[in-house]
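Got your viewer open? Let's take a short walk through this structure, one selection at a time.

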Amino acid sequence: LKPFRDLEKQGFIVTRLPVDRQGLVDPEQLSQAIRPDTLLISIMLANNEFGTIQPIKKLAKIAKEQRVLFHSDAVQAIGKIEVDVQELDVDLLSLSGHKMYGPKGIGALYIRKGIVVDPLIHGGGQELGLRSGTENVPAIVGLGKACELVAKGLRAGDPDKIAKLRNYLGERVLAMIPEAWKNNPDFYCLPNTLNLTLPGIRGESLVLLLDRQNIFISSGSACKSGSPEPSHALLALGLSTEETHCTVRFSLGASTTRDDIDYTVEALEELFHNSLGDIRFVPCR
């Protein structure tokens with residue numbers, strides 16, 4: 001979002017599309033928003049807070065029909081679902097190593113053959129002239145190895161196993177707190193992400209209390225860490241400001257087990273039974 005705000009300062013016109021309650025972009029709205037001078041469409045493949053997977057192939061087709069470049073941020077999706085740039089038919093796709101157990105600080109940009117991109121950093125001509133500077137070879141190798149390992153995990157059915165654990169966790173928490181609800185879509189959702197709104201329970205407080213039990217959840221995306229502002233993504237779903245502050249995200253991984261889920265639920269039950277006043281001490285506003 002910030003690069004687009006910077007482009008606006010330079011005089012470019014940026015159109016921001018809304019999403020529905022499931023977090024999905026309407027293909028028809030995208031088609032209608034394209035102008036004769038539209039240069040680029042950028043839509044993330046999967047949302048990092050509530051896990052919605054966008055119909056990128058359908059959206060990229062609309063862009064192609066109107067001769068507009070299409071970029072997708074696939075950082076959150078890589079390693080959790082199958083991603084094939086040829087199948088999606090995108091022009092540009094970005095990814096990051098740390099989201100698939102690779103090194104931090106390494107990423108990649110897929111550029112369709114024939115697409116010309118201005119250099120990010122000018123200099124010696126490294127990275128095909130797109131980003132000059134000495135390459136971080138160990139991190140690049142780590143990224144390649146991470147891709148190899150997650151590909152094996154995808155073929156072995158890891159996403160299905162994680163989704164079952166995610167659903168089990170959601171069912172148990174919702175049974176414990178009947179007034180709560182989940183913000184994940186029922187379909188087209190990442191297998192590892194569970195986003196819950198717990199009315200009357202301050203998300204930030206729950207994060208701190210569970211941290212004492214070595215259970216690490218979040219009350220927003222990592223990008224929002226330390227910010228008191230409500231999540232713009234949750235607001236886009238239609239949640240009120242109060243409800244966004246009562247929302248937490250559980251993220252499961254390849255090493256998560258059913259025992260981990262049971263331990264988390266037991267910790268929540270103990271908190272609600274023994275520290276109910278501490279958790280609900282701040283109204284969600």
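## Stop one: a pocket

The second largest pocket holds about 220 Å³ of space. Keep in mind as you look around that this is a predicted model. How do we know where empty space is left? Rolling a probe the size of a water molecule over the atoms shows it.

Select I78, G79, I81, V83 and C147 to find your way in: of the 14 residues that line the second largest pocket, these lie nearest its centre. Now colour β3 (92–96) and α5 (137–155), since each of them supplies at least two residues of that pocket's lining. Which element gives the largest share of the lining? That's α5, with 4 residues. If you colour the lining of the second largest pocket by class, you should get 11 nonpolar, 1 polar and 2 charged residues.

## Stop two: α6 against α10

Next, select helix α6 (residues 158–176) together with helix α10 (residues 258–274). Two packed helices are described by the angle between their axes and the distance between the axes. Here the angle is about 15°, and the axes are 10 Å apart. An angle under 35 degrees counts as roughly parallel, so α6 is roughly parallel to α10. The crossing of α6 past α10 is right-handed.

Now show the side chains where the two helices meet. On α6, pick L165, Y168, L169, R172, V173 and M176. On α10, pick R258, I261, D262, T264, V265, L268, E269 and F272. What classes of residue make up this contact of α6 with α10? There are 9 nonpolar, 1 polar and 4 charged residues.

## Stop three: α7 against α10

Keep α10 on screen and add helix α7 (residues 203–211). Are α7 and α10 roughly parallel or roughly perpendicular? Their axes cross at roughly 115° and come within 11 Å. Angles from 65 to 115 degrees count as roughly perpendicular, so that is the label for α7 against α10. Once again you're looking at a right-handed crossing, this time of α7 past α10.

To see the contact, select L206, L209 and L210 of α7, then A267, L268 and L271 of α10. Colour this contact of α7 with α10 by class and you'll get 6 nonpolar residues, with no polar and no charged ones.

Before you leave, click on L268 of α10: it belongs to the contact with α6 and also to the contact with α7.

Notes:
Residues are numbered from 1 along each chain as its sequence is written. This is a predicted model: local features need pLDDT of at least 70, side-chain atom pairs count only at pLDDT 80 or more; totals for chains, interfaces and linings use all residues. Side-chain values use heavy atoms; hydrogens and water are left out. Axes are lines fitted to C-alpha atoms, for helices over the stretch in contact, and angles run from 0 to 180 degrees between N-to-C directions. Angles under 35 degrees count as roughly parallel, over 145 as roughly antiparallel, 65 to 115 as roughly perpendicular and the rest as oblique. A crossing is left-handed if the near helix is turned anticlockwise from the far one by less than a right angle, and right-handed if clockwise. Contact means heavy atoms within 4.5 Å. Ala, Val, Leu, Ile, Met, Phe, Trp, Tyr, Cys and Pro count as nonpolar, Asp, Glu, Lys and Arg as charged, and the others, Gly among them, as polar. On a 1 Å grid over the protein atoms alone, a cavity is a set of points where a 1.4 Å probe fits but cannot get out, and a pocket is an open set with protein on both sides within 12 Å along at least five of seven lines; lining residues have an atom within 4 Å of a point. Grid points are joined across faces, edges and corners, and a volume is the space filled by probe spheres set on the points.
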